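Biologist: Please take one part of this model and go through it closely. I would like to know where it sits, what it touches and how the pieces around it are arranged.

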Amino acid sequence: MTIRAVVFDVGECLVDETREYGTWADWLGVPRHTFVAQFGAVIAEGRDYRETFQVFRPGFDLYEERERRAAAGRPEWFGEDDLYPDVRPALARLRADGLWLAIAGNQTVRAGGLLRELFTGDVDLIGTSDDWGASKPDRLFFERVAEVTPAAPGEILYVGDRLDNDIRPAVEAGMRTALIRRGPWGWIQQHDPAADELATFRIDSLGDLPELIEKFNAGAS
């Protein structure tokens, strides 16, 4: 099968989350470098990243704290300056190549609104875990992706930075995958043997995708 659709994760795939995690450190009242060090340690141990918050504030509830931040006038936010520089050129090239494009990740309703402000003119669909009532790595999330994409699962390329949350469950759902090496997970998980076994492509930039897809499709046809 050729690749006809490309679906992108959000955090550390399209959006550089450095600033956002810095604001969480500020909210918790801990030095940013301390928060980042603990964050990396949790990921390296294969634990849920949300456990990082528990170290600094036991009983921390991420959803409740998001609401408190919003009420305090400090809501979660990302904008054009937080996008990785290869995002816009890659989306434009892939669309010019005739591929159907979507963005789908574990995001809140508010984040979904921000994504639509940034990307409505660049992709064919934007979906979030809050929209669908299912979050990665649950199989239901990827079933939702398949339902809304006008292509068979084997014709969908899911692009993400996490082996555990993105690549493995997408493969289990019958999709092709591209693992991008950036952000905490991308670097920490890069030497996992499963990365080579599961990822159709391993990339350092979204700009690598057009040529890789073109070559893949030429071989498939």
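Modeller: I will start from Glu65, which belongs to helix H4, residues 62-71. Helices here are DSSP runs of H or I with at least four residues, strands are runs of E with at least two, and both are numbered from the N terminus. The model is predicted, so local features are reported only at pLDDT of at least 70 and side-chain atom pairs only at pLDDT 80 or more, while totals for chains, interfaces and linings use all residues. Residues are numbered from 1 along each chain as its sequence is written, and side-chain values use heavy atoms, with hydrogens and water left out.

Glu65 has a relative accessibility of 4% and therefore counts as buried. Buried means under 20% relative accessible area, against over 50% for exposed and partly exposed in between, with a 1.4 Å probe and protein chains only. The side chain of Glu65 has a polar contact, at 3.3 Å, with the side chain of Arg57. A polar contact is a pair of N or O atoms within 3.5 Å; within protein, one atom must be able to donate a hydrogen and the other to accept it, and residues adjacent in sequence count only if both atoms are side-chain atoms. Once neighbours within four places in sequence are set aside, Glu65 is in contact (heavy atoms within 4.5 Å) with Trp24, Trp27, Arg57 and Phe60.

Two of these partners lead to helix H1. Trp24 and Trp27 of H1, together with Glu20 and Thr23, are buried. So are Tyr21, Gly22, Ala25 and Leu28, and H1 is mostly covered, with eight of its eleven residues buried. The buried residues of H1 pack against H2, H4, helix H3 (51-56) and helix H10 (183-188).

Take the pairing with H4 next. The axes of H1 and H4 come within 12 Å of each other and cross at roughly 85 degrees. The axes are lines fitted to C-alpha atoms, for helices over the stretch in contact, and the angles run from 0 to 180 degrees between N-to-C directions. H1 and H4 are therefore roughly perpendicular. From H1 the contact takes in Glu20, Thr23, Trp24 and Trp27, and from H4 it takes in Leu62, Glu65, Arg66, Arg68 and Arg69. By class, the contact of H1 with H4 has five charged residues, three nonpolar and one polar. In this scheme Ala, Val, Leu, Ile, Met, Phe, Trp, Tyr, Cys and Pro are nonpolar, Asp, Glu, Lys and Arg are charged, and the others, Gly among them, are polar.

H1 (residues 18-28) also pairs with helix H2 (residues 32-44): their axes come within 9 Å and cross at roughly 115 degrees. H1 and H2 are therefore also described as roughly perpendicular to each other; that word covers 65 to 115 degrees, with under 35 as roughly parallel, over 145 as roughly antiparallel and the rest as oblique. The crossing of H1 and H2 is right-handed, a term for a near helix turned clockwise from the far one by less than a right angle, anticlockwise being left-handed. On the H1 side, Tyr21, Gly22, Thr23, Trp24, Ala25, Asp26 and Leu28 meet Arg32, Phe35 and Phe39 of H2. The residues of this contact are six nonpolar, two polar and two charged.

The ends of H1 have details of their own. After H1 comes Gly29, with a positive phi near 75 degrees. In the loop between strand S1 (5-8) and H1 sits Glu12. Glu12 also has a positive phi, about 65 degrees, although it is not a glycine. The relative accessible area of Glu12 is 3%, so Glu12 is buried.

H10, one of the elements that H1 packs against, is followed by a loop that runs to helix H11 (193-198) and holds Gln190. With a relative accessible area of 13%, Gln190 is buried. Its side chain makes a polar contact with the side chain of Arg181 at 2.9 Å, and a polar atom of the Gln190 side chain lies 3.2 Å from the backbone oxygen of Trp187. Apart from neighbours within four places in sequence, Gln190 is in contact with Arg181, Trp185, Ala195 and Arg202.
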